[in-house]
Amino acid sequence: MFLALAVVGIATAAATGGAPGDAELLDGRTPSADRPRDAWTVIGRSVKGRPILALRVGGARAPVKVVVVGSVHGNEPAGKAVVARLRRARPPRGTALWLVEDANPDGAAAGTRHNANGVDLNRNFPYRWRPQDGVYESGPGPASEPETQAIQRFVEQERPRVTLWYHQALHVVVRSAGDAKLQRVYSHLSGLPRRTLPAYHGTATSWQNHDFPDDTAFVVELPGGPLPAAGVRRHARAVLQLARSVAPPRIVQRPIPFGDERKTDMRAYAGRHYGIDDYRLRDPKVIVEHYTVTDSFPPVYDTFAPNRPDPELHELPGICSHYVVDRDGTIYQPVSTKIMCRHTVGLNYTAIGIEHVGRSDGQVLGNARQMAASLRLTRTLQGRYGIRTRNVIGHNESLSSPFHRERVPSLRTQTHGDMRRSTMNRYRARLERMPAPASLR
Ligand SMILES: [Zn+2]
């Protein structure tokens, strides 16, 4: 909660400029641009000059991209049917699929594993490359092949959060570096068990997972032969669920006025309480969860908007939190996370505040939609700022945070009753079951 006392907000704010929003978390800014729309791109050419094509499904500005490669060994084509089906998919808000039907068009035309130079492209990537002959012919040097180079440029440019490479015919999801939870999501939905394979040299996934450790690339080994229609549907659904599990939360911007006067007040507060000469929130280390002691969002906004002394501590600036999660799961953002808010004594210099509309821990924890939004928001912020799960705390846990500091002696033991340890232990356990924070950054 943001006040110890119930207060009826009287909005008297003089608008002197709004706080900037968080563009990174803003998906769906232009709904029309998020409609699926075909946009073939030639990302490179094969040895024989065949185009390597990628198709974006979803908005050009979607912050989270999922790449699906239908085939890279020319004699393992089953994944192309999944890619074909995904062309008609509607990816989750804030995500776009990039479909590479065939990374080895010469091999596909010849029905061979290798490219036209006789190279196994999935042994030609530069991480842990070593010279190999025969079926694993690695090429004369790391990334010697134009197909390899095309995929490298594409990945470096698009920075997919998740990349899926279809192969045949081992009938497994291959355990690899990157976010294991995402591999489990795919394994669960596709019905393919997750298994470890030998650590091959020069593979695409090991290069991606090594060079882009916050992203996840893994191999799906489909069964032999063409995939039946039900299998195509099941795998397409698994890809979309993967996209859903890394989709950013939708944030509704509701900026309160945070002009020069309020910034000056915040800076003076940070000086008095923390010895910090700044109003900006730099490198936040803690997320504090609260509940509002209201039944809706408007009175919360009306309390945050005016810059007036709070009725409990009689200080300026006015209190606020960075986010408010409503009971229907809508996430509002009143203040940019680049600015300090007064929401938790002792932690405002380093903590992002998240309020939940509600009147008790149990009410918030028992609301599935509100919790789903809250967990997704918190996990995304953890990824974005590298915040540990143990530093996602309830307001009532503020005094035991290792980051707690307070220069005003009378406030050193001040906290509020919202979001107690027992509540937060359950909240943190649910956070830990989600994809890794880096995947959701
Ligand atoms: Zn609170």
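**Strand pairing, nonpolar cores and the largest pocket**

In this predicted model, G44 stands opposite I52 in strand β2. This pair belongs to the antiparallel arrangement of strand β1 (residues 40-45) with β2, which extends over five bridges. The two strands form a hairpin with five residues between them, and within this hairpin G49 adopts a positive phi near 85 degrees. Strand β2 (residues 51-57) is mostly covered, five of its seven residues being buried. Strand β2 also pairs with strand β4 (residues 95-100), again in the antiparallel sense, over four bridges. Here V57 is the residue that stands opposite L97 of β4.

The nonpolar interior was examined next. The largest nonpolar core comprises 78 residues, and those with the most contacts inside it are V68, L86, L97, L164, Y166, Y186 and V220. Helix α6 (residues 229-246) contributes the largest share of this core, namely eight residues. A second core, separate from the largest one, consists of 22 residues, among them I43, I52, A204 and W207. L97 is thus listed both among the residues with the most contacts in the largest core and as the partner of V57 across the β2 and β4 pairing. I52, which stands opposite G44, is included in the second core.

The surroundings of L164 were resolved at the level of single residues. When neighbours within four places in sequence are set aside, L164 is in contact with V67, V68, V69, Y186, F218, V220, V239 and L242.

The largest pocket encloses about 480 Å³ of space. Its lining is made up of 27 residues, of which V174, P198, Y200, T203 and T205 are the closest to the pocket centre. Strand β5 (162-168), helix α5 (204-211) and strand β8 (216-222) each supply at least two residues of this lining. The largest share, four residues, comes from α5. In chemical character, the lining of the largest pocket divides into ten nonpolar, eleven polar and six charged residues.

A further site considered was S401, which is located in the loop between β14 (392-394) and α11 (421-432). S401 has a relative accessibility of 8% and therefore counts as buried, the cut-off for this class being under 20%. With residues up to four places away in sequence not counted, S401 touches V286, L347 and I393.

Note on methods:
Residues numbered from 1 in each chain as written. Predicted model: local features only at pLDDT ≥ 70, side-chain atom pairs only at ≥ 80, totals over all residues. Heavy atoms only, no water. Core = buried A, V, L, I, M, F, W, Y, C linked by side-chain atoms within 4.5 Å. Buried < 20%, exposed > 50% of the residue type's maximum accessible area, 1.4 Å probe, protein only. Contact = heavy atoms within 4.5 Å. Pairing = 2+ DSSP bridges. 1 Å grid on protein atoms, 1.4 Å probe; cavity = no way out; pocket = protein on both sides within 12 Å on 5 of 7 lines; lining within 4 Å. Points joined across faces, edges and corners; volume = space filled by probe spheres on them. Nonpolar A, V, L, I, M, F, W, Y, C, P; charged D, E, K, R; others polar.
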